[in-house]
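Trainee: I have a structure open and would like to go through it with you, if you have a moment.
Mentor: Of course, put it up and ask whatever comes to mind.

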Amino acid sequence: MFSGMLMSGIGGCVAGSALFLGAFLGYFVKLPQRLVASIMAFGAGVLMSAVSFELLDEAYALGGPMHLAVGFFLGATIFTIANIYLARKGAKHRKRSDKPEDDDENNAVAIAVGSVIDGVPESMAIGLTMISGGMISTATVIAIFLSNIPEGLSSTRGMKKTGWKPVKIFSLWFFIVVITSLSAMAGFSVFSHLPVELTAITLAVAAGGILAMLVDTMIPEAFAKTHNLAGMVTVIGFTISFILSKF
């Protein structure tokens, strides 16, 4: 039990550390926008595969179609409501590495809150996938890692513009990484003692939230810079993730 919690926490920490990496790049390095968008498109493809062949497959095996459908739509609904609220508070482009001209520069905290909203279901999914398989899903961790880089980068650039000091910025991201680690541990420790039907619904909730996040935030922002290449890069990410899921 303890080893499972520890492995889940490590997986959540690795996936969440991309926010810290993105923050470092956002503060000290100026990356080409097309490169960041390509990473986002690749990460979107990897996440799509993880949602389809790991989270939903597992949810269906544990609870059947009814529990899967209920959880999937519930996850999408929860994320959509939270996303609408955060967009009104200035976090609409939280996965964007360049800020639009009319974007509010005081939205950095809202973006950071959005990172937590995005990260909790993703990290819980890492722990949940360990319950039956006993091993961390490499594809899921890689997918979440890649999707978090542009998010940390974007938010940090906004914080830097509004005068945040480096210590304050990186302390905030460290705190968020801790939250993602604890979420992954909770995904394993809490639901390993609950009925499998509830675990199935929770897996589907995480899948629904992640898929809604992809369509609402990652894919539009990736396409905005990569245009016609976005589909190809996404397919490459999907293919690699699918292959990883078979090991």
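Mentor: We can go from the overall fold to single helices and then to the aromatic rings.

Trainee: Okay, what kind of model is this, and how many helices and strands does the protein have?
Mentor: This is a predicted model, and the protein in it has seven helices and zero strands. If you follow the elements from the N terminus on, they run α-α-α-α-α-α-α.

Trainee: How much of the protein counts as buried?
Mentor: Of its 247 residues, 52% count as buried. The accessible surface of the protein comes to about 11100 Å², and 73% of that belongs to carbon and sulfur atoms.

Trainee: And what about contacts between residues at least 6 apart in sequence, how many of those join residues at least 24 apart?
Mentor: The share is 86% of such contacts in the protein. For one example of distant residues in the fold, take Leu-6, which is found in helix α1: Leu-6 and Met-185 are 179 residues apart in sequence, while their C-alpha atoms are 7.1 Å apart in space.

Trainee: Is Leu-6 buried or exposed, then?
Mentor: Neither label fits, because Leu-6 has 44% relative accessibility and therefore counts as partly exposed. Ile-236, found in helix α7, is also called partly exposed, because its relative accessibility is 40%. The C-alpha atoms of Ile-236 and Ala-41 are separated by 9.3 Å, with their positions 195 residues apart along the chain.

Trainee: While we're in α7, which residues is Ser-241 in contact with?
Mentor: Ser-241 lies in helix α7, which covers residues 230–245, and if you leave aside its neighbours within four places in sequence, Ser-241 is in contact with Val-46, Ser-49, Ala-50 and Ala-139. Ser-241 counts as buried, because its relative accessibility is 1% and the cut-off for buried is under 20%.

Trainee: Switching to α4, why is it described as largely enclosed?
Mentor: The reason is that 19 of the 24 residues of α4 are buried, so the rest of the structure largely encloses this helix.

Trainee: Does its length come out as expected, or what span should it have?
Mentor: Helix α4 takes in residues 138–161, and at 1.5 Å a residue its 24 residues should span 34 Å, which agrees with the 35 Å between its end C-alpha atoms.

Trainee: Where is the kink in α4?
Mentor: A kink of about 25° lies at Asn-148, shortly before the proline Pro-150. Just after α4 you will also find Gly-163, which takes a positive phi of about 95°.

Trainee: How does α6 look, what is its span and where is its kink?
Mentor: Helix α6, residues 196–226, has 31 residues and reaches 41 Å from its first C-alpha to its last, which is close to the 45 Å expected at 1.5 Å a residue. The kink in α6 is about 45° and is centred on Leu-214. Just after α6, His-227 takes a positive phi of about 50°.

Trainee: New topic: how many aromatic pairs does the structure hold?
Mentor: The structure holds seven aromatic pairs. One of them is formed by Phe-20 and Phe-170, whose rings are tilted, at 5.5 Å centre to centre with 50° between the planes. This pair links distant parts of the chain, since Phe-20 is in helix α1 (residues 2–28) and Phe-170 is in helix α5 (residues 166–189), 150 residues apart.

Trainee: And are those two rings' residues buried or exposed?
Mentor: Phe-20 counts as partly exposed, because its relative accessibility is 32%, whereas Phe-170 counts as buried, because its value is 16%.

Mentor: Another pair is Tyr-27 with Phe-28, and it is edge-to-face, at 4.9 Å centre to centre with 70° between the planes. Tyr-27 is buried, with a relative accessible area of 16%, whereas Phe-28 is exposed, with 51%.

Trainee: Which residues do the ring pairs link into a cluster?
Mentor: The cluster consists of Phe-20, Phe-24, Tyr-27, Phe-28 and Phe-170.

Trainee: Last one: which charged ends sit over rings?
Mentor: The charged end of Lys-160 sits over the ring of Tyr-27, 4.6 Å from its centre, and the charged end of Lys-168 sits over the ring of Trp-164, 4.4 Å from its centre.

Technical notes:
Residues numbered from 1 in each chain as written. Predicted model: local features only at pLDDT ≥ 70, side-chain atom pairs only at ≥ 80, totals over all residues. Heavy atoms only, no water. Helix = DSSP H or I, 4+ residues; strand = E, 2+ residues; numbered from the N terminus. Expected span 1.5 Å × (residues − 1). Bend = angle between axes of the 7 residues up to and from the residue. Buried < 20%, exposed > 50% of the residue type's maximum accessible area, 1.4 Å probe, protein only. Contact = heavy atoms within 4.5 Å. Phe/Tyr/Trp six-rings, centres within 6.5 Å; stacked < 30°, edge-to-face > 60°. Lys NZ or Arg CZ within 6 Å of the ring centre and 35° of its normal. Areas by Shrake-Rupley, 256 points an atom, 1.4 Å probe, with all protein chains shown as cover.
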